[in-house]
Amino acid sequence: MTWANILIQGALVGGFYALFACGLSLMFGVMKVINLAHGDIAVVAAYSAVFLVPKLHVAQLWAFLVVVPLFALIGYVVQRTLLQKAIDRDPFTTLLVTFGLSVVIENLLLEIYSANGQSVNIGELVAKSWQVNSVIYVSDVSLVVLGVAVLVLGALQLFLSRTSSGRLIRAVSDDREAAQLCGANYKHVFGVAAAIAFATVALAGIAFGISTEFDPTAGGINLLYAFEAVVIGGIGSLWGTLVGGILLGVAQQFGAHFNLEYQTLAGNALFLIVLAVRPQGLFGRRVSLNE
Amino acid sequence: MSDTTLPQSAELPLLVERSTFSPIYTLVGTVVVFAFFTAAPWILASSWVSVLSNFFVLLIMATMWNLLAGYAGMVSIGQQGFVGLGAYATLYFAIKGMSPFVAIPFAVLACAIIAYPITYLLFRLRGGYFAVATWVIADSAMLLILTVALLGGGTGKYLPGLTNLSPSELDHDTYLATWFVAFVVLVATYFILRSRLGLVLSSLRDNETAARSSGAKVTSTRRLIYVIAGAGCGAAGSVLAISQPFVQPANAFSLNWAAEMLFASMIGGMGTIEGPIIGCIIFFVLQQSLQNLGAWYLIIFGAVAVVIAIWQPRGIWGLIRDTTHFELLPVGYRVSASSLSSRRRVSRDAN
């Protein structure tokens, strides 16, 4: 029964990791940018839910209604200004700039809100759980988060394959010059992709803030988990990211079963094994890695 | 390139040289600098000596990061892993009864040995993926150290073997250790970059495809540089452990090391030896003047680094070099058209 519990809890956490990772995956897929500030943006979203949303007289439960559109807007603006400038130089600069942003954001949060733990308060809902049997409890929040992750990934998949904006994004990601020749404004497309990425990561950040206590330094570890989920699942595959997230979650629960200290280590170990054995990830194509 | 009044080069013999000034000056300058910093504990106030000691620790890290990213094109945000491993290797040898000062070269060697197999995993990834993977490895190294009770687990441990020294003796010895390590690292980097290896590095920094097709052994060169950078950051961690002298995972493996070494190189100017030195000086001026304002020094330093990366990617030293054509520590060659009366430069830098 404990094994079943490990699988179930791992899968639930995995949905959360996938939600975190899909923005990272999208930005890499479209702009070839690894946003090293990805985790910190999620933390900023969580802080906005705690400190900004109550000022607007909105309950923190509904914070995502305010924060997600706000972050989509921020994503578009940041992409069109700072990130585009960095992309125009080279990938090297983009890495340095996003890393710089990550450190600046983390330390700004530390200065403004101190290192005290915070959490998004949704009242009694957070404690509700659903008892499967005497051993297995499924928390409602993590079930909802898994559902949201599947929904977001599905919607993103549909958006990219069925709508004209989605096709435009894929066209730019496949061949920027050719898309440009056909009249696509790639900078605007990049902005839209960043807006989607920021919106999903804001959602992930709020989910994170609801399920655990967080502090300004939480961004780094979230980036690592999201990144591991992307690489395990295979770069460029959205459903692969979901599977990668679930496998990562299961590996972590498996490690935590023996010793709580092994939780993250077991996830890292799975990541390194996948890297050694199948560097293109479980669902990835080989070419995408060496670009 | 910048000289538009270039005479017909066929009429003038071309002169290939490293520098516009005699290497004797470089040697004399190095000896003077070495003598000054070696004598510093007897000349300067003790508060200055401890600041200098921290300065040299950062200088070692920034120089190593610059070698890795500025020359070999590998953006690592996991070098704090080697800082931590160097600190813990020193702690381990000290627990086993070795003097921490004697343990420094052994800690460096241990880091080099650990770095070598890691390259086989890391080199499967490129660019941003490489960067985050280095972070994963640094994180894993920290988590592994946390589980070792002998090394103090999560709470950390005092470095033994230093109690027989009086506080002032300890300060002097610590300072001298950091200074000597920094000096060795700088001189070694200088000679690496002047050597054939440096030429390969410059070529793959400028155009990797062209370097590969010209027969440069790109992967093995990168591997060697990664190992050297790992060992160098291990040396920084080792002297850091001695200067603390309390070794704690959260501090030794702190991401702030990565941030500081990266920002210092970026601001000073990547791909030059002088750049990280200038970056470290700016960092310490900023840190000392804002030391009562918490993390603001890091926020400002990071913001400046972002601005520089976008608008002045060659950094402050790059700007100085581009405008004055002056190089303090030349590692490349320059070609000049020489005549009896005047020397005009053809190319700023053949490097």
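Biologist: What makes the contact between chain A and chain B, and how many residues does each chain give?

Modeller: Two residues are in contact if their C-beta atoms, placed from the backbone, lie within 7 Å. By that rule, chain A gives 35 residues and chain B gives 35 residues. On the chain A side, H4(A) brings the largest share, 15 residues. Bear in mind that this is a predicted model, where local features need pLDDT of at least 70, side-chain atom pairs count only at pLDDT 80 or more, and totals for chains, interfaces and linings use all residues. Residues are numbered from 1 along each chain as its sequence is written, while chains are lettered from A and ligands numbered from 1 in the order in which they are written.

Biologist: Why are H12(B) and H14(B) called oblique?

Modeller: Their angle is about 125°, with the axes 7 Å apart. Angles under 35 degrees count as roughly parallel, over 145 as roughly antiparallel, 65 to 115 as roughly perpendicular and the rest as oblique, so this pair is oblique. Glu274(B), Gly275(B) and Ile278(B) of H12(B) touch Gly315(B), Ile316(B) and Trp317(B) of H14(B).

Biologist: How do you know what span to expect for H5(A), and what does the helix reach?

Modeller: The expected span is 1.5 Å times one less than the number of residues. With 23 residues, H5(A) should span 33 Å, and its 32 Å is close to that.

Biologist: Which residues of H5(A) are called buried?

Modeller: Buried means 20 or more other C-beta atoms within 10 Å of a residue's own. Ser142(A), Val145(A) and Leu146(A) are among those in H5(A). The buried residues of H5(A) pack against several elements of chain A, including H1 and E2.

Definitions and conventions. Helices (H or I, at least four residues) and strands (E, at least two) are DSSP runs, numbered from the N terminus. A residue is buried if 20 or more other C-beta atoms lie within 10 Å of its own, exposed if 12 or fewer, and partly exposed in between; C-beta atoms are placed from the backbone. Axes are lines fitted to C-alpha atoms, for helices over the stretch in contact, and angles run from 0 to 180 degrees between N-to-C directions.
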